[in-house]
Amino acid sequence: MKSEKERACGLLVALCAVCYFVSYVTRINYGAVILEIENAEGISKVEASMAVTGSFITYGAGQLVSGWLGDKRKPEKLIFAGLLLSALMNGLVPVFAYPAPILIFWCINGFAQALIWPPMVKILSAYLDDQQYKKGCVRVAWGSSVGTIMVYLFAPVCIMWKGWKSLFILCGGIALCFCVLWNRTITAVETRILRLETGFGQKGGAASAPAGALGKENEANSLQKNETGSRQEIEADSLQENGTGSRQESGQRLLSSAICLLLIPIMLSIVMQGALRDGITTWMPSYVSETYHLDSSISILSGVLLPVFSIFSMELASVLNRKVIRNEMACAGAIFLGGFAGALMLSFFPASGALFSVLLAALVTACMHGVNVILVSMVPPYFRKSGHVSTVSGVLNSCTYVGSALSSYGFAQTAQQSGWQTVIWLWVAASFVGAILCFGNIRRWRRFQSTL
């Protein structure tokens, strides 16, 4: 039977999962109806892709700002600001439905969305222990898949009902409602966890203190405890990696040579993951429509299968990492190989049936969601003692959207110039490169783990 603290932690995870769900429905809705926007507004594939590319660029750049702010300011307020701004941008898109204004609004939306994930990682790592965090992160990531399913189910309905613009109004309204819920509940949930942690308000515990004062005091203590501590642990990795140097010199900076050598292959792997995950999700309806000559509404529905597979992949990735392959690099590399196999099969059978093609594409994206859980969610808490959880989370997540930006424009341009078969071979190459980068970083990551 769960204790009160476990239930309170579960409520925090659930609230963050809903938050991530809302962030996704206000982020990927443009990609879901991009084919319909092309048809209804009479614009080219490349023109339509510019808004997606722009949002990925601002999202990726915003991750760096958000990660830094998340370690300096209250993460709850950053998340609220991001959701509110995103709701506003979603409301403006249908009002000014021209390529140039949409590009501006969606770039702003990308930055707004960037204010959500790094601060959320900060909150979860501060209030949950290691095992709770690893399990909780997967539950939160489910929000992205459920959000994707909802968008791809409702997009055809909205198109047939009132046109593609109604989807943005619906998603913006959902975000506004959740902003109110978040603002009213997040502090109360955090305070509840801290009270249970310290024994206040429990039988045999200390005398009760005013909730607001106690919450703030304990929250500060909790965050301080999680973000400070000896940096000799990171330094030890540097000494093992380089074999020379002063302990005080090599362990003081996040940008030390050893940490850079450790993080650069991870960052490049995440670029590959982002290109595959978001590139396939964005352009799968267009691929199905143009290859099998299906209506845009039916093609959009094909996108529902992708996140369904992803939910199982994320859970499998978490279990694999916690129970079988504890080295995150080896685990991510193994999952990359699964995506490589799926992309290779699709390259050999590019037009063998709509369902078969969608299933293989779903397998690739599912694997990329699994890689994302390992590299973007499980890696940052290793930097808790150095006080850089949010910063590392922002840097790594920004790499996802470097890949996303490259794929949203690059895949469209390649498909237009050379056809979808060439695009599929790019998927094969990206998954293979990702696997090689992860496997090549296994020993370095093992040494880093041993110092913690």
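Colleague: What percentage of the residues of the protein chain count as buried?
Modeller: Keep in mind that this is a predicted model. A residue counts as buried when its relative accessible area is under 20%. Of the 452 residues in the protein chain, the share that passes this test is 58%.

Colleague: And the surface: how much of the exposed area do carbon and sulfur atoms supply?
Modeller: The protein chain exposes about 17,700 Å². Of that area, carbon and sulfur atoms supply 67%.

Colleague: How many helices and how many strands does the protein chain have?
Modeller: Happy to count them with you! The number of strands is 0. The number of helices is 20.

Colleague: Among contacts between residues at least 6 apart in sequence, what percentage join residues at least 24 apart?
Modeller: Here we set aside pairs that are less than 6 apart in the sequence of the protein chain. Among the contacts that remain, the part joining residues at least 24 apart is 82%.

Colleague: How are two packed helices described?
Modeller: Two things are needed for a pair of packed helices. One is the distance between the axes, and the other is the angle between the axes.

Colleague: Let's try that on α13 and α18: which word describes how α13 lies to α18?
Modeller: Helix α13 covers residues 257-292 and helix α18 covers residues 389-418. Their axes come within 6 Å and cross at roughly 45°. Angles under 35 degrees would count as roughly parallel, and 65 to 115 as roughly perpendicular. The crossing angle therefore makes α13 to α18 oblique.

Colleague: How many residues of the contact of α13 with α18 are nonpolar?
Modeller: The crossing of these two helices, α13 and α18, is right-handed. Its contact includes Ile266, Met267 and Trp283 of α13, together with Val395, Leu396 and Phe411 of α18. The contact residues divide into 2 charged, 8 polar and, for the nonpolar group, 14.

Colleague: Which residues in α8 meet α7?
Modeller: The axes of α7 (residues 117-127) and α8 (residues 130-161) come within 10 Å and cross at roughly 145°. This crossing is right-handed. On the α7 side, the contact is made by Trp117, Met120, Val121, Leu124 and Ser125. Their partners in α8 are Tyr133, Cys137 and Val140.

Colleague: Staying with α8, is Ser145 buried or exposed?
Modeller: Ser145 is found in helix α8. Leaving aside neighbours within four places in sequence, Ser145 is in contact with Pro307, Ser310, Ile311 and Met314. Its relative accessibility is 0%, so Ser145 counts as buried.

Key. Residues numbered from 1 in each chain as written. Predicted model: local features only at pLDDT ≥ 70, side-chain atom pairs only at ≥ 80, totals over all residues. Heavy atoms only, no water. Axes fitted to C-alpha atoms, helices over the stretch in contact; angles between N-to-C directions. Helix = DSSP H or I, 4+ residues; strand = E, 2+ residues; numbered from the N terminus. Parallel < 35°, antiparallel > 145°, perpendicular 65-115°, else oblique. Left-handed = near helix turned anticlockwise from the far one by under 90°. Contact = heavy atoms within 4.5 Å. Nonpolar A, V, L, I, M, F, W, Y, C, P; charged D, E, K, R; others polar. Buried < 20%, exposed > 50% of the residue type's maximum accessible area, 1.4 Å probe, protein only. Areas by Shrake-Rupley, 256 points an atom, 1.4 Å probe, with all protein chains shown as cover.
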